[in-house]
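The following note collects points for a colleague who is examining this model at the bench. Each point may be checked directly against the coordinates.

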Amino acid sequence: MPEKKLMELIRRLPKVDLHVHLDGSVRPGTAIELAKQQRIELPEKEIDKLLPHMQIAGECNNLEEYLEKFQLIGPLLQTPESLELSAYETVKQAYDQNCLYMEVRFGPQLHRQLGLSLDQSINAAITGLKKGEAAFGVKANVIVCCLRHHSTSLNCEVVEAAASFLGKGLVGIDLAGDEAGYPAKLFEDVFALAASKRLPVTIHAGEAAGPVNIKDAIEKLGAVRIGHGVRLREDPDLLAAIAAEKIPLEMCPVSNIQTKAAASWEDYPLRDYFDRGLSVTVNTDNLTVSNTTITREYAILADRFGFSVEELVQLVRNGIEAAFLGEEDKQALKRKLETFVLPT
Ligand SMILES: O=c1[nH]cnc2c1ncn2[C@@H]1O[C@H](CO)[C@@H](O)[C@H]1O
Ligand SMILES: [Zn+2]
């Protein structure tokens, strides 16, 4: 199929995105606008020139370098208004790609430089998502991130705050940041607290470090989903266990190649994991930093890995199944997906 036709077909396919960071998805034009409003100096004032500061363009050697692209946006997202607007626009961007449902994550401790409380920052993100939900009909919930370089006490504060929003627009908790520098086992106390609050847990693991982090995320931190999990194949026994337990992997193809979680597309294990029956889901990670859309992610799978439309539909189904939603909501999403008519 010609590339343009394939892209349009995939854009029309109803999709979900369970792994997308708010701060990595702010449109560059919005960043310029936020800087103007808040009188914050940016290195460049035009979108084209600003982009390389917010986006992976050329070489990126590892996750650490990838995470440097978040530095510019941090100071711009310190007010309820800026968080709300970015959340709203993330839903708009998902709507443009015919996304039915999304879980948008961010680290509330990163947005307190001007004195916001955790509750205020979480509330702002939820308000933006719910306004987006009302405007565009895309269902959207928040996941909050603990950060690997933060102390146990800062992360426990996030757990406590998250618990008070559970079921009110917040659906889970995550651990993000520099995986190579801070292994999963350092966070047992934080996630024991999360378990006591019955917060659903997903953890970034097997992206910038080996499979032991995936194992620890599940066994020691109570993760019921894994962010990325690219390096799972390095432990065949663990891979078999995760397949048997149907623990979903939130894979983000474009980001996974940029961070060198896999050395190249030839070496990317998503197709292999899918064929082996793992619950593979497809997500974006960061719309701006990775310069991607959910359509682009699926198109790459069709183009490079020969996924048929039926197989792409199965990947969306996996995403719905893995969502932090109740059965009724999942059924409603599945019904919407089934209305998609395959071209003959
Ligand atoms: O792929 C990733 N792996 C690990 N951490 C990430 C990734 N993308 C973003 N963040 C981190 O999560 C924070 C909250 O959204 C971001 O500020 C960034 O530091
Ligand atoms: Zn991520």
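1. Arg-276 is partly exposed, at a relative accessibility of 47%. In this predicted model, the side chain of Arg-276 forms a salt bridge with that of Asp-272, with an N to O distance of 3.0 Å. Asp-272 is likewise partly exposed, since its relative accessible area is 30% and the class runs from 20% to 50%.

2. A salt bridge also joins the side chains of Glu-321 and Lys-334, at 2.5 Å from N to O. This pair connects distant parts of the chain: Glu-321 belongs to helix α14 (residues 309-322) and Lys-334 to helix α15 (residues 327-338), with their positions 13 residues apart in sequence. Are the two partners buried or exposed, or something in between? Glu-321 counts as partly exposed at 39% relative accessibility, whereas Lys-334 counts as buried at 17%. The latter value places Lys-334 in the buried class because the limit for that class is under 20%.

3. Lys-36 and Glu-33 provide a further case, their side chains meeting in a salt bridge with an N to O distance of 3.9 Å. That distance qualifies because the cut-off for a salt bridge is within 4 Å. Why are the two residues separated by about one helical turn? Both lie in helix α2 (residues 28-37) and are three residues apart, which means a separation of about one turn of the helix. Lys-36 is exposed, with a relative accessible area of 59%, while Glu-33 is partly exposed at 37%.

4. In total, the structure holds 24 salt bridges. Some residues are linked in a network of such bridges, namely Glu-103, Arg-105, Asp-174, Arg-225 and Glu-250.

5. Glu-250, a member of that network, deserves a separate entry. Glu-250 is placed in strand β7 (residues 249-251) and is buried, its relative accessible area being 0%. Which side chains make polar contacts with the side chain of Glu-250? One is the side chain of His-19, at 2.7 Å; another is that of Arg-105, at 3.0 Å.

6. Turning to the ligand, ligand 1 sits in the largest pocket. There are 15 residues around ligand 1, and those that come nearest are His-21, Asp-23, Gly-177, Glu-207 and Asp-285. The side chain of His-21 has a polar atom 2.8 Å from an oxygen atom of ligand 1, and a polar side-chain atom of Asp-23 is found 2.5 Å from an oxygen atom of the ligand. For Asn-286, an N or O atom of the side chain lies 3.2 Å from a nitrogen atom of ligand 1. Considered alone, ligand 1 exposes 420 Å², of which the protein buries 95%.

7. Asp-285, one of the residues that come nearest to ligand 1, should also be inspected for its backbone. Although Asp-285 is not a glycine, its phi is positive, at about 70 degrees. Most residues other than glycine have a negative phi. Asp-285 is located in the loop between β8 (280-282) and α13 (294-305), and it is buried, with a relative accessible area of 2%.

8. The backbone of Asn-98 should be inspected as well. Asn-98 has a positive phi of about 55 degrees and is not a glycine. The residue occupies the loop between α5 (80-96) and β2 (99-106). Asn-98 is partly exposed, at a relative accessible area of 27%.

9. Two pairs of residues may serve as reference distances. How far apart in space are Ile-47 and Pro-248? They are 37 Å apart from C-alpha to C-alpha, and 201 residues apart in sequence. Ile-47 is part of helix α3 (residues 47-54) and counts as partly exposed at 39% relative accessibility. In the second pair, Gly-326 and Ala-125 are 201 residues apart along the chain, and their C-alpha atoms are separated by 21 Å. Gly-326 is situated in the loop between α14 and α15, where it counts as partly exposed at 38% relative accessibility.

Definitions and conventions. Residues are numbered from 1 along each chain as its sequence is written. Chains are lettered from A and ligands numbered from 1 in the order in which they are written. This is a predicted model: local features need pLDDT of at least 70, side-chain atom pairs count only at pLDDT 80 or more; totals for chains, interfaces and linings use all residues. Side-chain values use heavy atoms; hydrogens and water are left out. Helices (H or I, at least four residues) and strands (E, at least two) are DSSP runs, numbered from the N terminus. Buried means under 20% relative accessible area, exposed over 50%, partly exposed in between (1.4 Å probe, protein chains only). A residue is near a molecule or strand if one of its heavy atoms lies within 4 Å of it. A polar contact is a pair of N or O atoms within 3.5 Å; within protein, one must be able to donate a hydrogen and the other to accept it, and residues adjacent in sequence count only if both atoms are side-chain atoms. Accessible areas come from the Shrake-Rupley method with a 1.4 Å probe; for residues, only the protein chains shown count as cover. On a 1 Å grid over the protein atoms alone, a cavity is a set of points where a 1.4 Å probe fits but cannot get out, and a pocket is an open set with protein on both sides within 12 Å along at least five of seven lines; lining residues have an atom within 4 Å of a point. A molecule sits in a cavity or pocket if more than half of its atoms lie within 2 Å of its grid points.
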